[in-house]
Amino acid sequence: MRIDVVTIFPGYLAPLREALLGRAIEAGLVELGVHDLRDWTHDVHQAVDDSPYGGGPGMVMRPQVWGEALDAVLGDAPARLVVPTPAGRPFTQATAQAWAGEERLVFACGRYEGIDQRVVDAYAQRMPVDEVSIGDYVLVGGEVAVLVMVEAVVRLLPGVLGNPVSAQEDSFSDGLLEGPAYTRPVSWRGLDVPDVLRSGNHAAIARWRRDRALERTAARRPDLLDALPDHALDRTDRAF
Ligand SMILES: Nc1cc(-c2ccc3ccn(Cc4ccc(CN5CCCC5)cc4)c3c2)n[nH]1
């Protein structure tokens, strides 16, 4: 997979070259290009923003600069264009799974109050364009959202995770939050590991883990429980 990011703050994307993702890039599992939007300005001030038509607070990013940058970065290769925005469709694990199958992702990081809508509209005429939100809170720009989304997608690529089974067993994969996890020591600051986890009784352990996941999901994310298809809960599960 090739990933390109266009931003006025390329340094914000430096963490993508660290640790697991950095190793995936070095291993050639993913290619990453980070591009400074200002490279496509032609004025001495390198202006990328202007006042909003119709008034309103802040500034909007100019379409011309974005058009030159995206034309240059995209070239002729097909790609999915991703534009983070507070007004986007929710980015979920399902989105990450879907994008993990893409040959190419190009991320357009806005700043100010966002990017002139015609940039999305123009590229949507010739490629898939997703306006996505990573949560119901307002960031200062798209860069942090891109860090989140790239990490969620790249960890799903074959060969990236040391223990691939965990990508399948991710929380949200069975529709529930994952329950508590424990490791040594068996007792720590007066708190003990639940006996069942040391019993060797794998059926009991699986039941206990599912019960904790249901309990936690009911307490923290009842919306996920409501969204579960009927067959997903067995009679024992329905106690929660
Ligand atoms: N999930 C998520 C994604 C983002 C995000 C992504 C890209 C950009 C580019 C610029 N901004 C700042 C920003 C500030 C204010 C407004 C104006 N809107 C009016 C009412 C609520 C806000 C829009 C945009 C981004 C923010 N934030 N949160």
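Reader: Which atom of Tyr137 lies 2.6 Å from a nitrogen atom of the ligand?

Author: A backbone N or O atom of Tyr137 lies at that distance from the ligand nitrogen. Keep in mind that this is a predicted model. Ile134 also uses its backbone: one of its polar backbone atoms is 3.1 Å from a nitrogen atom of the ligand. With Ser133 it is a polar side-chain atom, 3.2 Å from a nitrogen atom of the ligand.

Reader: Which residues come nearest to the ligand?

Author: There are 17 residues around the ligand, and those that come nearest are Ser133, Ile134, Gly135, Tyr137 and Leu139.

Reader: Now helices. How do I read which way the residues of a helix point?

Author: An α-helix has 3.6 residues a turn, so residues three or four places apart point the same way. Take helix α4, residues 117–124, where Val119, Val120 and Tyr123 are buried. They cover an arc of only 95 degrees around the axis, which puts them on the same side of α4.

Reader: What do the buried residues of α4 pack against?

Author: They pack against helix α2 (63–74) and two strands, β5 (80–90) and β7 (129–133).

Reader: Which residues of helix α1 are buried?

Author: In α1, which spans residues 19–26, the buried ones are Leu21, Gly22 and Ala24. Seen down the axis of α1, these fall within an arc of 160 degrees, so they line one face of the helix. On the other side of α1 you find Ala19, Arg23 and Glu26, which are exposed. The buried residues of α1 pack against α5, residues 143–154. Just after α1 comes Gly28, with a positive phi of about 75 degrees.

Reader: You mention α5. Is Glu143, in helix α5, buried or exposed?

Author: Glu143 has 0% relative accessibility, so it counts as buried. Leaving aside residues up to four places away in sequence, Glu143 touches Thr7, Ile8, Phe9, Tyr12, Leu13, Cys109, Gly110 and Arg111.

Reader: Phe9 and Tyr12 are both aromatic. How do I describe two rings together?

Author: A pair of aromatic rings is described by the distance of the centres and the angle of the planes. The count in this model comes to four aromatic pairs. In one of them, the ring centres of Phe9 and Tyr12 are 6.4 Å apart and the planes are at 50 degrees, so the pair is tilted. Phe9 has 37% relative accessibility and therefore counts as partly exposed. Tyr12, at 39% relative accessibility, also counts as partly exposed.

Reader: Why is the pair of Trp99 and Phe107 edge-to-face?

Author: The centres of these two rings are 6.4 Å apart, and their planes are at 70 degrees, so the pair is edge-to-face; the cut-off for that label is over 60 degrees. Trp99 is buried, with a relative accessible area of 3%. Phe107 is at 0% relative accessibility and so counts as buried.

Reader: Which residues form one aromatic cluster?

Author: Phe91, Trp99 and Phe107 form one.

Reader: What sits over the ring of Tyr12?

Author: The charged end of Arg111 does, 5.0 Å from the ring centre. To draw this part together, start from Glu143: both Tyr12 and Arg111 are among the residues it touches. Then add the ring of Phe9, which forms a tilted pair with that of Tyr12.

Terms used:
Residues numbered from 1 in each chain as written. Predicted model: local features only at pLDDT ≥ 70, side-chain atom pairs only at ≥ 80, totals over all residues. Heavy atoms only, no water. Buried < 20%, exposed > 50% of the residue type's maximum accessible area, 1.4 Å probe, protein only. Helix = DSSP H or I, 4+ residues; strand = E, 2+ residues; numbered from the N terminus. Arc of directions from axis to C-beta. Contact = heavy atoms within 4.5 Å. Phe/Tyr/Trp six-rings, centres within 6.5 Å; stacked < 30°, edge-to-face > 60°. Lys NZ or Arg CZ within 6 Å of the ring centre and 35° of its normal. Near = heavy atom within 4 Å. Polar contact = N/O pair within 3.5 Å; in protein donor to acceptor, adjacent residues only side chain to side chain.
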